[in-house]
Amino acid sequence: MGDYTFDEIYAIVVMQSFSGVSLMCIYILMGLGLYIIFGQMGVINMAHAEFLVLGSYTMCLFSKFVTENMPAFENYYVIFAIPLSFGVAFGVGYLVEWFLISRLYHRPLDTLLATWGLSLIMQQCFRSFIGAREMSADLPEWLLGSWAASDIIDIPISGLVLLLLTVFLIVGLALFKTKTRMGLRMQATTQNREMTGALGINTKMTDRITFGIACGISGIAGAFFTTMASTSPSAGTNYIVDSFLVLVVGGLGSLVGLFVSGGFLALLSSILEFFMTGSIAKVWLYLVIFVVLMKFTRGLFSDKVRS
Amino acid sequence: MPSNTDYLLAIEDLTVSFDGFKAVDELTLYVDKGELRVIIGPNGAGKTTVLDLISGKTRASSGSIRYNNVELTSMREHEIVRAGIGRKFQTPSIYEKLSVYENLEISYPWGRTVFGSLKFTRTKQVIDRIQDVAQQIFLSDMLETQAELLSHGQKQWLEIGMLLVQNPELIMLDEPVAGMTAKEREATAALLEKIAKERSIIIIEHDMDFVAKIADQVTVLHLGKILKQGSMDEVRDDPVVQEVYLGH
Amino acid sequence: MINPINQAESSFGKVLYERLFKNKEGLIAFAILAFVILIIFPTVLSPFRLNLTGKYLCYAFAAVGLVMCWGNAGILCLGQGLFFGAGGYCMAMFLKLEASDPESTAIQSTPGIPDFMDWNQVTELPWFWNPFKSLPLTIALIITLPALLAYILSVFYFKGRVSGVVFAILTQSMVACLWYFIVGNQGYFGGINGITDLKTLKGWDIRTEDAHYLLYYLCCFLLLFCILLSRYILSTRLGRVLIAQRDKEMRVRFSGYNITSFRIFIFCFAAVVSSIGGAMFTLQVGFMSPNLIGIVPSIDMVIFTAVGGRESLLGAVYGALAVNAAKTAFSEAYAAQWLFFYGATFIVIVLYLPKGLAGIYHDHIKKWIGKSMSSSKNNDGETPALVTEEKNAE
Ligand SMILES: Nc1ncnc2c1ncn2[C@@H]1O[C@H](COP(=O)(O)OP(=O)(O)O)[C@@H](O)[C@H]1O
Ligand SMILES: [Mg+2]
């Protein structure tokens, strides 16, 4: 880093932080889904990234459909594509919970394997039914620009939009959890499954919906993903490890931790990527995470009680 | 630094809070050498938590626990065990896949390091000790049985036996007669009386008749605090205790 | 179970026998495996297929390691490729140096260094390649490097009581980290292409058919040795403590054990066993590359173990053979179907066959043998051989 002046480094850090914003949103949304599933069902979903891919395929295919059939609509389709991505991922997630996950509650190590198998199957489905080639969405002009905050600092619009949407989504989710019947049922099931069942609440249904929502969120992350890179059947593999690490660094049971560590890791990774090649940046990112976890083995934000 | 005491176990101002909820609150409790102490109290009083704190399973928020004048609060579980404290869990905790003999053998107090356990052999001494304990816990003709096939009461005994093999100076038992038949309870009472001759015991128990049979001193815990301490009769006659506990 | 009283008085040989094989059935099962891989495979299979089988057996080392640390100690490692790779790369670096003597690399701008270094403008052998000039040092590193790595990567986490899924995920990111490390350091470790063109071991050409046979046998003997060593460990008190802490962690702690050191020990042991497999892999296959040890191969190793039966050492070998054979047979001709099938294998094993092939053997075949044995008590040499064939056919 010796060749940069202080001002340049400052500008680089600021700029890279903003270009890291999109990544942060994806990390946080992915982590959020994993957090919900693990918290309620003790299941680790290795196929979670495939739901991200599902979301981005939905976005890409919808974009293709719109540009081919309804060109007038081109500038606004994004607004509909996001709920659509959620819906598709929700639906698939709902079915997956029904037929697979519901048999695996509280056998976390086994779910790792079973959902890995699921992810292989889903990837092969993408390959067989959509095609192995990379695909990207035609994004509207207004999303692609950037905003020059100062002489050397350029901030991409898409990052800001994603940030805004992510915040909305999280607020919405919080409201859903505390204000709606379904949300309260979800909370009750997380806290005490037997008791909730005994009160006549259909915990199976609750679980299916919860799992669906978690998958739907990663579907949205997938829609966001199209602003960063093109989609391919195995595009998810790069994200699953990172999303888990976000969750683990955050403390596995802490939402605040999840946001902080999502931000921290996205920032770190985009700054590192500026100074070195992608692979070496990844190595350093992981090493930093390993060392942080060696010191804080329960994550950055964990309750101090030994379970 | 608190001054030295003659007590075997001296708990002073012990507090633990879970997310602001004080499960044990400024608790002070002394246990003499050779004493059999019973702790009673309604569900959620913090009895199990006290054992967790002594045995190192939960870390105290503040206060001190000294055992033979050694501070336990900063020691790890296995160090506390090696200092001479044994503990039985509320739900029987045994190794289902292993035989009764193997269950007892794992508790045998040597060869507990990695290389020690690689070198561990079944000497005559080990076998004699285990057969002796098996005799005491009424399981001597079931040594080869797989532990998951035992009855609930027998599992409780087996766990007590695992403590005896360890030969600790202080034994802590969390509801040892839960799930036992009347006959098994009687046998257990006799067993505990016999064990108590050689060491100190802390028992948590619900069953009043059982407590009356064995206790020297009874401590009543309520909301993490000591409500009353004394002989069984004193405790039973106390109106406050009756209200929170016996009245239930 | 062994009669405790007898054991105290029995002779050394008998004790060793009981520790290694437990009983006659254990001995027979072991003998069958040895017979199959040492006699049947070399006589039945073509040299090409035998070499392929040797490659599968290398994965069996990793699977044996996983039986120890996952099946018996409950520590799921999704990054066994890290250790497999450590051994594989050590061996590859030694062989590469030998293949890069100044005469055969005379056309390079810097003769005497591996070709990929030259392509990447590295002009001097990096210091960490120096140990690989010596075979004894390389062998020592194949054993110690994975142990050291495993120790560093686990000691803090086990001390901090990280276990279960979190540790599994960490191991997966560790192997991802190694993958990126190798890929990112093209000049020092050959990058994504790996280390290729390995030719001789101390002047002995490892590419010939004879060499393949010899290496195959070496691989088998090492594998059988690792299995016996693992059996021995499981038969000691350490083995029982491992199982006990897997099922009832708190009880073991309150019997005065420091579980942390037990976990570290078994994790390191599994690492070393896998590393030996990796080294044998390089020798038999003739190259080593990051894609052989990344996230996906590491999970494959877990599935070999799961298919064989996660607690069964012999099962691990059959599992590695069966899955790899199926993969070779189907993945090229029916790539798409194979991936569906392979993905479904994970799910089926977890849902319906948690004990894998070993479970099928114990629950069904053994009973069936028991029945036919009691009806006609003639020979016990042949019936179990049938079992292995059925196992292989799975
Ligand atoms: N690890 C923990 N985290 C949070 N709360 C706990 C924990 N352990 C115990 N508690 C709470 O402390 C209180 C006392 O529990 P316990 O000691 O088990 O009572 P009991 O007297 O019935 O054995 C209970 O309200 C319980 O919910
Ligand atoms: Mg209790």
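How many salt bridges does the rule find across the interface of chain B and chain C? There are four, a salt bridge being a side-chain nitrogen of Lys or Arg within 4 Å of a carboxyl oxygen of Asp or Glu.

Before selecting anything, note that this is a predicted model, in which local features need pLDDT of at least 70 and side-chain atom pairs count only at pLDDT 80 or more, while totals for chains, interfaces and linings use all residues. Residues are numbered from 1 along each chain as its sequence is written, chains are lettered from A and ligands numbered from 1 in the order in which they are written, and side-chain values use heavy atoms, with hydrogens and water left out.

**Stop 1: chains B and C**

Select Arg251(C) and Glu159(B), whose side chains meet in a salt bridge with an N to O distance of 2.6 Å. Across this interface there are also 16 residue pairs in polar contact, both residues at pLDDT 80 or more; a polar contact is a pair of N or O atoms within 3.5 Å, where within protein one must be able to donate a hydrogen and the other to accept it, and residues adjacent in sequence count only if both atoms are side-chain atoms. The side of chain B that touches chain C divides into 16 nonpolar, 10 polar and 14 charged residues, with Ala, Val, Leu, Ile, Met, Phe, Trp, Tyr, Cys and Pro counted as nonpolar, Asp, Glu, Lys and Arg as charged, and the others, Gly among them, as polar.

Widen the selection to the 40 residues of chain B that are in contact (heavy atoms within 4.5 Å) with 30 residues of chain C. The two chains bury about 3200 Å² between them, 59% of it from carbon and sulfur atoms, where buried area is the accessible area (1.4 Å probe) that two parts lose on being put together, summed over both.

**Stop 2: chains C and A**

Next, display the contact that takes 43 residues from chain C and 40 residues from chain A, where about 3700 Å² is buried, 80% of it on carbon and sulfur atoms. The count of salt bridges here is one, and Arg310(C) forms a salt bridge with Asp110(A), the closest N and O atoms being 3.3 Å apart. Colouring by class shows 33 nonpolar, eight polar and two charged residues on the side of chain C that touches chain A.

**Stop 3: helix H15 of chain C**

Move to residues 313–331 of chain C, which form helix H15; helices (H or I, at least four residues) are DSSP runs, numbered from the N terminus. The end C-alpha atoms are 27 Å apart, which agrees with the 27 Å that 19 residues should span at 1.5 Å a residue, because the expected span is 1.5 Å times one less than the number of residues. At the helix start, a side-chain oxygen of Ser312(C) reaches to within 2.8 Å of the backbone nitrogen of Gly315(C).

**Stop 4: ligand 1**

Finally, centre on ligand 1, which lies between chains A and B. It is surrounded by 12 residues (a heavy atom within 4 Å), the closest being Gly44(B), Gly46(B), Lys47(B), Thr48(B) and Thr49(B). A polar side-chain atom of Thr49(B) lies 2.5 Å from an oxygen atom of the ligand, and a polar backbone atom of Lys47(B) is 2.9 Å from a ligand oxygen. For Ala45(B), a backbone N or O atom lies 3.2 Å from an oxygen atom of ligand 1.

Notes: Helices (H or I, at least four residues) and strands (E, at least two) are DSSP runs, numbered from the N terminus.
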